[in-house]
Amino acid sequence: MSVVKTINGCMVRLEKGDITQADADAIVLYAREDLKLGSGYGNAISIRGGPVIKQELEAKGTVSVGEAVVTTAGNLKAKYVIHAVGPKFQEADLDSKLKRTILSALQRAQEKTANRVAFPLMGAGFYGVSLDQCASVMIAALEAGLTEKNQPREVIIYALDSREYAPFQHELEKLK
Amino acid sequence: MVTENRSYNAQKVIERLAKKVNRQMAGSLAACVHCGMCTQSCHYVLANPDDPTFAPAYKADRIRRLFKRHLDWTGRIIPWWVKAGSVYTDEELAELMDTVFGKCTNCRRCTLNCPMGVDLAVVNRMARGLLVSVGVMPEGVAVVSKDQWEIGNQMGVLKEDYLETLDWMSEELQQELKDPAVGIPIDKFDCEVVYSINPREVKYDPRSIADAAKIFHFAEENWTMPSEGWDMTNFGLFSGDDDLGGAVARRLYEKVEDLRGKKLVISECGHGYRSTRCEGPNWAKYDVPFEMESSVITMLRYIKEGRIKVDPSKNDISVTYHDSCNNARSCGMTEEPRELLSYVVKDFREMHPNRAENYCCTGGGGAMSMSEYTPRRLKSAVVKADQLRATGAGVVVTSCHNCVDGLTDLIRHYKLGMQVTQLVNLVANALVIEERVAIPVEIVPEVTAAGSLAGRKILVVDDEPDILTFFASVLADNGAEVIEAREGQEALLKARSEKPDLVTLDISMPGQDGGKVFEALRRDPDLALTPVCIITGRPELRRLIYDRPVPPPDGYLDKPVNEETLLLNVKKILKVV
C-alpha cells in the first residue's frame, strides 16, 4: 500500500511500516537535543543498528532544535541515520521550527548523496504534533527543500498505521 | 518564555484545560463538598495519616482550583471563597505532576465512597494528560509512552523478538505435550478467537502465553495471535493521553478486522481489559464490529461447556484473590474469576475487603514505571500487605499483570512469603489431559528442574542483600555455580578472575553504577562476549545501559522478578534446553 507523487522531480512515496527497517540510503530519526537515542524508534535503531551509532553520537555532543547530524547506520539496512532535532510538545513557533528541521535533514541527506531518504511523521505521536499539522508542514517543507540538483531521487514517508496514513495520503493527493 | 506572567507551558496547560473538561469532569470538579468520606478510602491516606496532601479531596482541589479560576463563574466572582487559583510557573507544574502521578494510582476507590459521585480518577487522568501535552511527566512515563507510540507496544518489544518468543513457547509446548501439532498460530484468518496479550508476557512471563496456548489447544479452539497490533495494554489510560489511547486501541481493532476474527480475547490485565473493551472504542472513535472478552470469561466458558476438564486437586495450594481495580471497580468483573477459581482450586480464602471495595495493589496507574515514587508506593502498600497477610493464603491470584508486579514487589518488601500467580496458570495446571496425551502436568514448571544450570557459572551483582540472596539461591538450587558481588568494582574484579558464563547486573548501585560496569565488561577483550542480563527496579535508568556505545545487553528484566521469570530468562540467554 503506497501513494506516490513527484515533487520537483523527486518521487515522494507514502508507506505503511517500520521506518527503522526501511530499505533506504538514509533514515531520519526525530531526535532529542542531547542526541540520546532513548525509547521508541531510538531504541529500535539502537538494538537493530548496534553500538556504532551511539559511539558516533557521543562525539557530537548536543544539537539545537532545527538542526540535524548524521551517523552511519550500523547493521540497519540504511547506510546513514540522520538525527534531526525537532520541536516538541506544543513548543513555540512549531511550524517554522519543524520546517527548518526537515530542511536540515534534507540538507544532510544531500551532503551524503543519499538517493533514497526515509522520514518518519516528524514530531507526530509522542511529541504531540497533530497529524494534519505534521502532514501539511512536511509536504510544504519537501516542496521547499527538494529544489537543488543533488536532491534525493526518492523520499519515503513512513506511517505506522492507517490512522497516521490517512492525513498524509490526503495531503499528498492535493499535489498535482 | 512568559505569557501574561505565566510560563509558556503553564499557559498551554490553561489553554488546553477548557478543551479537556467534559460534562463528567465538570460534575466531579463542581460537586465536592469536602465531607472527608473519601479520606479513609485511599491507601495513601491510610498509610500516611499525618499527611493531608494524600487526601483525595486535597488532590482533587489541586486541579479543581484551576477549573474554578478559568472555567467556573464562581471562581471569577468569588475566587477567595471557592479557592480558585491558577498555575504560573514550571515549578508549579512540577508540583502538580508530583500530585497527579505520584500520589494517586487512579484506582477509583475514593469514587466508590463519595456521596457526591466525584470521580477523582477521571479528573486526575485529565490533569495527567494536560501535563503530558507540554512534556511534563515522569521519565518512566515518557519512556513507556514513546515505546507504545512508535514500536506499537509499551515495553518496546521488537517484532522479531515477539515472534521468536511465540516460536519458543510453541516448541516448549510441543516438547511438554510430545505433540508436534501443538503451537501458536500466527495471523491465521477467520478464527473464532484472536488472542491479544500484555508485552510483559513476552518479556518476563512467556509461560503465561504457553499456558493460554495449552488451554486453547485442549479446548480445540480455532484461534490465532496477530503478528502486529497484539498489545492489548494501553498506556494512554495511565498518561491521560487520549490520542495515544485511541491510536493503540485502533491498531488492535484493525488487526482483528484484517484477520476477520470473530472475537477478541484479552489476556489477564486489568487496565488492558478496561482500555480495550471499555474505553478504546471511544478514544479511537471506532465502531467495533466483533465481540471482546476477557480470557477469564473464555476459560470459564470452556469449563462450563465441557470443552476442557480441570482437576482442582492439581493446585494443592491455599489461594486468595486480589481484584484488580480496573477489572472490578471500573468493569464490574468480580464474580467470574471467583467462579473460575472454584473449579481449579480447593482451598480458597476470600480477602477482605474484596470485589469493588478491594484496595489497590499500589502498582496501578502506571506506578510501576515511575521509580522516583517507589518509596512512597511501598509505604502505602502496607494496607495491601495487611490485607494479604490476614488471608493466611500461600498464593495470591490476580487477573492483572500490573497487579502481579505490584503485589510481588510489596510481598518481598513486607516479607510476606506469598507467591503471585494468575488464573491462566492455575487453569493450565489443573487441566485434565485425556489418554490421547497422557502427560502428567507438574505444578513446578519444567524449567525449575534441579541441575538444569549445572556447569554454568553465574555472577550475580546487586547491592540489595535480599535480592542478591534470592537470585543466588534460585540459580544455585538449579545447579549453577553462583558468584556474588555487591557493588561495581567488586563485580568487575570477580568477572575478570572468575570468567562467568553470565552476569546478572543491577543498574542502581552505590559507587560504580551498573551502567559503568556494563560498559567496562563490554570493553574488556576477555569479557566482551560474556552475556549480561540487566535486572533493575528503575526502568527509567535503562538509558544508562542502552545509550552506551557498546553492544546492548543480552537480557533485560524489570524488578520485581520471580523465580520462574529469572530462570526462564537465564536459560534463554544461556541457551539451556
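Axes here are lines fitted to C-alpha atoms, for helices over the stretch in contact, and angles run from 0 to 180 degrees between N-to-C directions. Helices (H or I, at least four residues) and strands (E, at least two) are DSSP runs, numbered from the N terminus.

Before you click: this is a predicted model, where local features need pLDDT of at least 70 and side-chain atom pairs count only at pLDDT 80 or more, while totals for chains, interfaces and linings use all residues. Residues are numbered from 1 along each chain as its sequence is written, and chains are lettered from A and ligands numbered from 1 in the order in which they are written.

**Stop 1: two helices in chain B.** Select residues 8-20 (H1) and 90-102 (H7) of chain B; these helices pack at about 55°, with axes 8 Å apart. That angle makes H1(B) oblique to H7(B) (under 35 degrees would be roughly parallel, over 145 roughly antiparallel, 65 to 115 roughly perpendicular, and the rest is oblique). Show B:Asn9, B:Ala10 and B:Val13 from H1(B), which meet B:Asp90, B:Glu92 and B:Leu93 from H7(B). Contact means that C-beta atoms, placed from the backbone, lie within 7 Å.

**Stop 2: the sheet in chain B.** Next, find the open five-stranded sheet, ordered E12-E11-E13-E14-E15 in chain B with parallel pairing; strands pair if DSSP finds at least two bridges between them. Which strands stand at the edges? Colour E12 (481-485) and E15 (555-558) of chain B: each has a single partner strand, so one side of each is left without a neighbour in the sheet.

Now zoom in on E13 (502-505) and E14 (532-536) of chain B, which pair in the parallel sense over three bridges. Look for B:Val503 opposite B:Val532. Add H26 (514-523) of chain B, lying across E13 and E14 and running at about 160° to E13(B). Then add H28 (563-574) of chain B, which packs on the sheet, touches E13, E14 and E15 of chain B, and makes about 170° with E15(B).

**Stop 3: a helix in chain A.** Jump to H4 (131-145) of chain A, whose 15 residues reach 20 Å from first C-alpha to last. Among the buried residues of H4(A) are A:Leu131, A:Val137, A:Ile139 and A:Leu142; buried means 20 or more other C-beta atoms within 10 Å of a residue's own, exposed 12 or fewer, and partly exposed in between. Their cover includes E1 (2-7), H3 (94-111) and H5 (162-173) of chain A.

**Last stop: where the chains touch.** The contact takes 26 residues from chain A and 28 from chain B. On the side of chain A, H1(A) gives the most, with five residues.

Technical notes. Contact = placed C-beta atoms within 7 Å. Expected span 1.5 Å × (residues − 1).
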